[in-house]
Amino acid sequence: MHMLMLNNFTYYKEKMDKQPAREEGWNVGSEKFADINPEEWSITLHQESYSNSHEISEKERKWLSSVENYPAIGSSEKPKIYMVPKMHREIESNVRCYEPLVVALGPFHHGKSKLQPMEKYKVLLANQFAKESSKAKSVSIDALYTRVKDIVPSARDCYAEDITKYYSDVEFAKMMFLDGCFILQYIYCLVNSKSYKQLQMKSHDIAFIRRDLFLLENQLPFEVLHVLMSCRFKKDEGMRMIKTFILSAHAKPDLQNHGIIQSVKYLFLDFFGKNSEEEEPSLTQEESSKNDQLPAHLLEILRTQLIDPNAFSGGGCYLRGEWCSYRSASELSRAGIHFECGKKRCLSDIKFNSFRFSALLTLPPITIDDSTKSELLNLVAYEACPDTPDDFGVTSYLCMMDSLIDHAEDVKELRSKGILLNFLGSDQEVANLFNEIATDLVPNPHAFIDVKHKIENHYNDKGKVWVAEWKNTHFDSPWTVVAFIAAIFLILLQVADTVLAGFQVKFAEPPN
């Protein structure tokens, strides 16, 4: 390359020596360049620039090294407790669902003036928890606090550094101790009805605290709760208490809203087929063996109770897959797809069974009240954070329900089957709730894909749809069914009477 540039320079010098001097031209120092081909000159500069472009500075090398050694997203040693992602907070109608109403737990909302009245109850419940720990295992309040203080460095790692940097280790330890004791004593008092009065709170405060316990930004590292529980409860007793508390928030289907057959069915299940999850949740062998793999916080435990990870295939491709249309519950009902309330409260337990001329879509029961929107939105925000399962189970469930619910008549259809237990208000309010929650949500493309395909295939079967429409038109009430059966019975009687009359005439003729 250097030889090529030297030859070009010699060529230009010889050419210039042969040219007469002119007043027009390019001045470089004291030399005048007149009749030089610009293309040749630009080629020479390009060769030099091209040569320099391959040189990497030390600053560039450092940058490339940082790119090469950049850690994988979600590969931190332990899951973090994150703030609600910005894209979720930008929806104004949902912002209030991420803010605590009465109690601040952890550093995110600590010290807010509107939440100060609950601080005195934290001290009260912490004192109760310490006394019960002393009775159960002779652990003093000093020992309790010391155990929490020992894990402060680990608990700090559960939050981003810019969240905890304003607290000294002592301040952080005090906060973790009071908040941890408060949570466990609150849950204990609610699970054990005899201790309910120890809370000494108004009923609305008790309800709001339960809501605030499951806010993403109000989570405490479960390691703190685990240390405190070990000082008071027997092995796995504390975890069972927490799971019982979580499951108790979902009411059972009301027998008055069902027919006689459904009522007998639920009574039979109550007496002879009780689900162990509903009575006293027990830890599985897998959960018991994972002592070193604690859940991140209460919100993760709640999600684990609501979503079966095996219900979804791992990952998903958003660029391919079969297309499935969305149709409301009332529209599916008119097409011969009926609804049934499932036995489990697991949100991922959705099934579809097809019959000769009809089908049955089984959906899990869900209670809709004032805290439902906040709880579901915080679960969705949790699924959007790093270090969390990527099956998007709750998000996919909400998108599925949003496809079934458009108007009040859709809510009425699902409510009549015991799927939606409405403690919120009108059916239209429930419809609005699901439509608002599902705004800008993207489900797992593999979630409920088999159910969606079966619904689509049923709806595209014109014969089944025609039979369903004919039944809805002519048998829209029990009286029409009775009238139809009566008419068939009368016709059969007339046919039988005619046949008998014919036999009588035949046998009444004298023999020849």
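At what angle do the axes of helix α12 and helix α16 cross, and within what distance do they come? In this predicted model, the axes of α12 (residues 237-247) and α16 (residues 298-306) cross at roughly 65 degrees and come within 10 Å. Two packed helices are described by exactly this pair of quantities, the angle between their axes and the distance between the axes. The handedness of the crossing is right-handed as α12 passes α16. On the α12 side the contact involves Met239, Ile242, Lys243, Ile246 and Leu247, which meet Leu298, Ile301, Leu302 and Gln305 of α16. Sorted by class, this contact comprises 7 nonpolar residues, 1 polar residue and 1 charged residue.

The loops that precede these two helices may be taken next. Pro295 is located in the loop between α15 (285-289) and α16. Pro295 counts as buried because its relative accessibility is 18%, and the cut-off for burial is under 20%. Apart from neighbours within four places in sequence, the contacts of Pro295 are Phe222, Met239, Glu300 and Ile301. Of these, Met239 and Ile301 also belong to the contact of α12 with α16. Pro295 and Pro79 are separated by 216 residues in sequence, yet their C-alpha atoms are 9.1 Å apart in space.

Asp236 lies in the loop between α11 (222-230) and α12. Most residues other than glycine have a negative phi. Asp236, by contrast, has a positive phi near 70 degrees. Asp236 is classed as partly exposed because its relative accessibility is 21%. A second aspartate with a positive phi is Asp387, at a value near 65 degrees. Asp387 is found in the loop between α18 (372-383) and α19, and its relative accessibility of 22% is why Asp387 counts as partly exposed.

A small number of strands may now be followed. An open sheet is formed by 3 strands in the order β3-β5-β4, with mixed pairing. Its edge strands are β3 and β4, each of which pairs on one side only. On average, and with direction ignored, neighbouring strands of this sheet are turned by 25 degrees against each other. Strand β4 (residues 351-354) pairs with β5 in the antiparallel sense over 4 bridges, and the two strands form a hairpin with 4 residues between them. Two of the bridge partnerships can be traced residue by residue: Phe352 has Leu361 of β5 as its partner, while Asn353 has Leu360 of β5. In a regular strand the side chains alternate between the two faces of the sheet.

The sheet leads on to helix α20 (residues 408-416), in which Asp410, Val411, Glu413 and Leu414 are buried. These residues lie on the same side of α20 because they cover an arc of only 160 degrees around the axis. The elements covering them include two strands of the sheet, β3 (337-341) and β5 (359-363), together with α17 (329-334), α19 (393-404), β7 (420-422) and α21 (427-437). Just after α20, Gly418 adopts a positive phi of about 80 degrees.

These local arrangements belong to a protein chain whose secondary structure comes to 24 helices and 7 strands. Of its 512 residues, 40% count as buried. Among contacts in the chain with a separation of 6 or more, 73% are between residues 24 or more positions apart.

Conventions. Residues numbered from 1 in each chain as written. Heavy atoms only, no water. Buried < 20%, exposed > 50% of the residue type's maximum accessible area, 1.4 Å probe, protein only. Arc of directions from axis to C-beta. Contact = heavy atoms within 4.5 Å. Axes fitted to C-alpha atoms, helices over the stretch in contact; angles between N-to-C directions. Left-handed = near helix turned anticlockwise from the far one by under 90°. Nonpolar A, V, L, I, M, F, W, Y, C, P; charged D, E, K, R; others polar. Pairing = 2+ DSSP bridges.
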